[in-house]
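The following exercises concern the packing of secondary structure elements. Please work through each task before reading its solution.

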Amino acid sequence: MSASPVYLDAATAAPLHPVARQALLAALDDGWADPGRLYTQARRARQLLDAAREACAQTLGVRADELSFTPSGTTAAHSAVLGGLAGRRRVGATLVHSAIEHSAVLHAAERHVAAGGAATSVPVDRLGRLDLDRWAAAVRAPGVALAALIAASHEVGTLQPVPEAARECAEAGVPLYVDAAQLVGRATVPAGWSVLTASAHKWGGPPGVGLLVVRKGTRWESPWPADDREAGRTPGALNLPAVVAAAASLRAAAADAAAEAARLTPLVARIRARVAAEVPDVEVVGDPDHRLPHLVTFSCLYVDGEALLHALDRRGFAVSSGSSCTSSTLRPSHVLEAMGVLSHGNVRVSLHRETTEADVERFLTELPGIVAGLRAEAGVVGL
């Protein structure tokens, strides 16, 4: 009998939290009506929406009227960037961002540049950490409307110096947008930001719910056609049962975050050490100390990334690659490229609340043989 599958791709989507499942099923009965209407069923839906907003706001330490729900984390990121730029168009048309932002932010930047705006990309070091001196110079340049910084790399796990970057922005009078998708529900988000986004399926909520937080006093203008829902910040009817489930699971995940970080940090440290010691010609990337507790990425020379992911999948391990050379683009990951590290044969392992020590041990036991087998198939031997 084959061993049970081991899911190790929580950075893409964490398994649905039991609390999310309970809340979703309950809200399907009560949350189907339009919360904008006046009859009894609609008022009940409005109560659910208000409670969900309040719960998320409390968890994030913000005001309820600063928080809006969006149809996805990607939509939230697009809104944050394009809305932040639109709100400050009189100041200038330049977006400053790190070289390792999520593709959603980079695609919004491309749209802005195509429309006549400008974007300045700030480099990172070999550990994936922002160059603060270059950041300070970039945000102080004339005509900067918005700065964007990911709180922690979704590909290599490196925590970014958000407080220091925020201080530079404050001194330059530039609002800071923080993509906190990998941090919300796992750790406290550092202060100093003006706009923040997150994505529910990263913390164990259902897919299709994003959070957009715009602090009071921030110049922000919706980039979408006018709509009277969600304070005009995002158009369209919400999937209210999913929103309720997202809020319930965020509260649960945040309550367990410190304990989960304490449990997962040594497991990730074990993966970092054992992979480096037991797999020849491998580079473990990202900051070994200032990192997310649940995520580790490594690259293997002489191995095709797509072949490695398929081989791991056949053995029951669901992992992803930080490198898009496993996709149709045939280009290495922009994050790994910006860091100047090996991108060939890249594997990202990300743990979650259901990951056990036995799961990690099984992965570490089988990985060296899987890599050696692929190298042998490719005619690379004697390493």
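**Exercise 1.** In this predicted model, determine in which sense strand 10 and strand 12 pair, and over how many bridges.

*Solution.* Step 1: strand 10 comprises residues 295-300, and its pairing with strand 12 is antiparallel. Step 2: the pairing extends over 5 bridges. Step 3: within this pairing, S299 lies opposite N346 of strand 12.

**Exercise 2.** Establish the strand order of the open sheet and identify its edge strands.

*Solution.* Step 1: the sheet consists of 3 strands in the order 9-10-12, with antiparallel pairing. Step 2: strand 9 (282-285) and strand 12 (346-350) each pair on one side only and are the edge strands. Step 3: from one strand to the next, the twist averages 20°. Step 4: helix 8 packs on this sheet, where it touches strand 10 and strand 12, and its direction makes about 40° with that of strand 12.

**Exercise 3.** Describe how helix 8 and helix 10 pack, and classify the residues of their contact.

*Solution.* Step 1: helix 8 (residues 305-314) packs with helix 10 (residues 357-377) at an angle of about 135°, and the axes are 10 Å apart. Step 2: angles over 145 degrees would count as roughly antiparallel; the two helices are therefore oblique to each other. Step 3: the crossing of helix 8 past helix 10 is right-handed. Step 4: helix 8 contributes A307, L308, A311 and L312, which meet F363, L367, I370, V371 and L374 of helix 10. Step 5: the residues of this contact comprise 9 nonpolar, no polar and no charged.

Notes
Residues are numbered from 1 along each chain as its sequence is written. This is a predicted model: local features need pLDDT of at least 70, side-chain atom pairs count only at pLDDT 80 or more; totals for chains, interfaces and linings use all residues. Side-chain values use heavy atoms; hydrogens and water are left out. Axes are lines fitted to C-alpha atoms, for helices over the stretch in contact, and angles run from 0 to 180 degrees between N-to-C directions. Helices (H or I, at least four residues) and strands (E, at least two) are DSSP runs, numbered from the N terminus. Angles under 35 degrees count as roughly parallel, over 145 as roughly antiparallel, 65 to 115 as roughly perpendicular and the rest as oblique. A crossing is left-handed if the near helix is turned anticlockwise from the far one by less than a right angle, and right-handed if clockwise. Contact means heavy atoms within 4.5 Å. Ala, Val, Leu, Ile, Met, Phe, Trp, Tyr, Cys and Pro count as nonpolar, Asp, Glu, Lys and Arg as charged, and the others, Gly among them, as polar. Two strands pair if DSSP finds at least two bridges between them.
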